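Trainee: Please take one part of this model and examine it closely, then set it in the context of the whole fold. I should like a single connected account.

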Amino acid sequence: MKQKEVSYYDENVMEALAKLPKTIFDKKHNLTIIVRNDQARSNQTRFEHIARKDHQLKVRDIESIPDGIHSYVRYVKSHIHKETYYYFIKRKGESSGFIQLAVKLLENDRHTAYIKTIFITYRIEENRL
């Protein structure tokens with residue numbers, strides 16, 4: 001009898017990621033955010049990494065990202081990772097938790113960033129800007 005393969009990714013979240021616009025413009029920070037499915041780690045794509053089940057994302061979380069970038073709760077520069085910024089976005093339909101969207105600036109263009117990862121957090125980092 002064949003053993004059923006366990007998926008570490010939420011396929012519905014991966015489909016929602018694929019439906020996001022390829023670029024999202026943050027007027028407040030004059031930043032173009034690129035949504036791309038490149039190789040994030042040696043064994044997984046960016047969408048696979050984001051859709052990991054331990055990231056606790058739902059399809060509605062992904063769908064709320066374009067609007068959330070314009071109406072975030074907090075925007076914070078990472079104190080650990082250079083050129084990385086975090087958007088904390090209120091979750092729709094949930095009483096607790098925030099969507100934490102990590103973006104990294106491109107080396108050759110300081111007004112363009114790409115999405116590194118997205119996950120659910122229950123604590124907002126202190127503002128270090």
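Mentor: The loop between strand 1 and strand 2 contains N30, and this loop is a suitable place to begin. The model is a predicted one. Phi of N30 is near 50°, a positive value in a residue that is not glycine. Most residues other than glycine have a negative phi. N30 has a relative accessibility of 39% and therefore counts as partly exposed, because that class lies between 20% and 50%. Q56 also has a positive phi, about 60°, without being a glycine. Q56 sits in the loop between helix 2 and helix 3 (59–63), and with a relative accessible area of 41% Q56 is partly exposed.

The strands that flank the loop of N30 lead into the sheet. Six strands make up an open sheet of mixed pairing, in the order 1-2-8-7-6-5. Strand 1 (23–26) and strand 5 (74–77) are the edge strands; each has a single partner strand, so one side of each lacks a neighbour in the sheet. From one strand to the next, the twist averages 30°. At the strand 5 edge, strand 5 and strand 6 run antiparallel and are joined by four bridges. Y75 has Y87 of strand 6 as its bridge partner.

Y87 also belongs to the largest nonpolar core, which has 29 residues. Together with L17, I62, L101, V103, I115 and I118, Y87 is among the members that touch the most others. Two or more residues of this core come from each of helix 1 (11–19), strand 2 (31–34), helix 2 (46–50), helix 4 (65–70), strand 6 (84–90), strand 7 (98–106) and strand 8 (109–121). Strand 2, which follows the loop of N30, is thus one of the contributors to the core. A second core, separate from this one, has six residues, including V76, Y86, F98 and A102. In soluble globular proteins, nonpolar side chains tend to be buried together. L101 shows how the contacts of one core member are distributed: leaving aside residues up to four places away in sequence, L101 touches I65, I69, Y85, Y86, Y87, I115, T117 and I118.

T117 recurs in the surroundings of H49, a residue of helix 2. H49 has 7% relative accessibility and so counts as buried. With residues up to four places away in sequence left out, H49 touches A40, R41, Q44, H55, K116 and T117.

Helix 2 spans residues 46–50, and R46 brings in the charged pairs. The count of salt bridges comes to seven. One of them joins D38 to R46, with the closest N and O atoms 2.9 Å apart; another joins R36 to D38, at 3.1 Å between the closest N and O atoms. Through the shared partner, R36, D38 and R46 form one network. R46 is buried, at 9% relative accessibility, whereas R36 is partly exposed at 31% and D38 is partly exposed at 24%. A further salt bridge connects the side chains of R91 and D61, with an N to O distance of 2.8 Å. This pair links distant parts of the chain, 30 residues apart: R91 lies in the loop between strand 6 and strand 7, and D61 lies in helix 3. Both R91 and D61 are buried, in contrast to N30, which is partly exposed.

Technical notes
Residues numbered from 1 in each chain as written. Predicted model: local features only at pLDDT ≥ 70, side-chain atom pairs only at ≥ 80, totals over all residues. Heavy atoms only, no water. Core = buried A, V, L, I, M, F, W, Y, C linked by side-chain atoms within 4.5 Å. Buried < 20%, exposed > 50% of the residue type's maximum accessible area, 1.4 Å probe, protein only. Contact = heavy atoms within 4.5 Å. Pairing = 2+ DSSP bridges. Axes fitted to C-alpha atoms, helices over the stretch in contact; angles between N-to-C directions. Salt bridge = Lys/Arg side-chain N within 4 Å of Asp/Glu carboxyl O.
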